[in-house]
Amino acid sequence: MNSTVELPSGKILNLARFIALIPVDNAKDDSYELILEGYPTPIRVDHKDADIIRQFLNIGKSTSYANEKPAWSMEEQLRQNVPKMIALAKRMERTKNMSDEEAQQRQEFFETFKQTVDAERPSGQKLYSES
């Protein structure tokens with residue numbers, strides 16, 4: 001992408017090293033300071049130049065960024081959680097109605113799993129046992 005832009009004031013800038021565009025508070029005109037990476041001092045630009053820089057960088061009040069997340073909505077979150085809540089309710093019901101024999105088998109399987117995991121880890125970094 002070409003990052004060179006010509007401003008109304010006649011300045012030609014390479015905005016590949018753009019860092020910030022800061023309004024100058026104590027200026028009588030609507031000027032800004034443009035900060036570029038590697039440049040020792042800010043570049044003073046007027047409001048027309050700043051508008052062109054904003055347009056070039058696609059910065060504006062209505063701009064949304066690709067990686068920007070929308071505001072959290074409780075209603076949307078609840079809607080997304082409904083299938084998961086149904087699956088959880090079914091799983092809880094299955095567990096409640098599980099036979100003692102199946103519960104014992106699951107407990108034995110989990111104990112075997114814990115021993116296998118700890119056997120593969122170095123001493124002092126066990127997850128389920130203390131040695």
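The following questions and answers concern a predicted model of a protein.

Student: In what order do the elements of the protein run from the N terminus on?
Tutor: The predicted model has 3 helices and 5 strands. Read from the N terminus, the order is β-β-β-β-β-α-α-α.

Student: What percentage of the residues of the protein count as buried?
Tutor: A residue counts as buried when its relative accessible area is under 20%. The protein has 131 residues, and the share of them that count as buried is 15%.

Student: How much of the area that the protein exposes do carbon and sulfur atoms supply?
Tutor: The protein exposes about 11,100 Å². Of that area, the part supplied by carbon and sulfur atoms is 53%.

Student: What share of the contacts with a separation of 6 or more comes from residues 24 or more positions apart?
Tutor: Contact here means heavy atoms within 4.5 Å. Among contacts in the protein with a separation of 6 or more, residues 24 or more positions apart account for 27%.

Student: Is S31 buried or exposed?
Tutor: S31 sits in the loop between β3 (18-23) and β4 (32-36). Leaving aside neighbours within four places in sequence, S31 is in contact with P23, V24, R44, V45 and D46. Its relative accessible area is 3%, and the cut-off is under 20%, so S31 is buried.

Student: Which residue has a side chain joined to that of S31 by a polar contact of 3.4 Å?
Tutor: The contacts of S31 include P23, V24 and V45. The polar contact of 3.4 Å runs between the side chain of S31 and that of R44.

Student: How many residues apart in sequence are the parts that the pair R17 and E37 ties together?
Tutor: Side chains of opposite charge can pair when their charged atoms come close. The side chains of R17 and E37 meet in a salt bridge, at 3.8 Å from N to O. R17 is in the loop between β2 (12-14) and β3, while E37 is in the loop between β4 and β5 (43-45), so the distance in sequence between the parts they tie together is 20 residues.

Student: Why do R17 and E37 count as partly exposed?
Tutor: Partly exposed covers relative accessible areas between the buried cut-off, under 20%, and the exposed cut-off, over 50%. R17 has 48% relative accessibility and E37 has 47%. Both values therefore fall in the class called partly exposed.

Student: Which residue forms a salt bridge with R54?
Tutor: The structure holds 6 salt bridges. R54 lies in helix α1 (residues 47-56), and its partner is in that helix too, 3 residues apart, about one turn. R54 is partly exposed at 24%, and the partner is partly exposed at 35%. With the closest N and O atoms 2.7 Å apart, the partner is D51.

Student: Which class of exposure does R79 count in?
Tutor: R79 forms a salt bridge with E76, at 2.4 Å from N to O. Both residues lie in helix α2 (residues 74-96), 3 residues apart. E76 is partly exposed at 32%. R79 has 52% relative accessibility and the cut-off is over 50%, so R79 counts as exposed.

Student: What is the area of the nonpolar surface patch that F113 helps to make?
Tutor: F113 lies in helix α3 (residues 100-120). Its relative accessible area is 37%, and patches are made of residues with over 30%, so F113 passes that cut-off. Together with F109, F110, L127 and Y128, F113 makes a nonpolar patch of about 540 Å².

Key: Residues are numbered from 1 along each chain as its sequence is written. This is a predicted model: local features need pLDDT of at least 70, side-chain atom pairs count only at pLDDT 80 or more; totals for chains, interfaces and linings use all residues. Side-chain values use heavy atoms; hydrogens and water are left out. Patches are made of residues with over 30% relative accessible area and no salt bridge: like charges are joined within 9 Å, nonpolar side chains (Val, Leu, Ile, Met, Phe, Trp, Tyr) within 5 Å. Accessible areas come from the Shrake-Rupley method with a 1.4 Å probe; for residues, only the protein chains shown count as cover. A salt bridge is a side-chain nitrogen of Lys or Arg within 4 Å of a carboxyl oxygen of Asp or Glu. Helices (H or I, at least four residues) and strands (E, at least two) are DSSP runs, numbered from the N terminus. Buried means under 20% relative accessible area, exposed over 50%, partly exposed in between (1.4 Å probe, protein chains only). A polar contact is a pair of N or O atoms within 3.5 Å; within protein, one must be able to donate a hydrogen and the other to accept it, and residues adjacent in sequence count only if both atoms are side-chain atoms.
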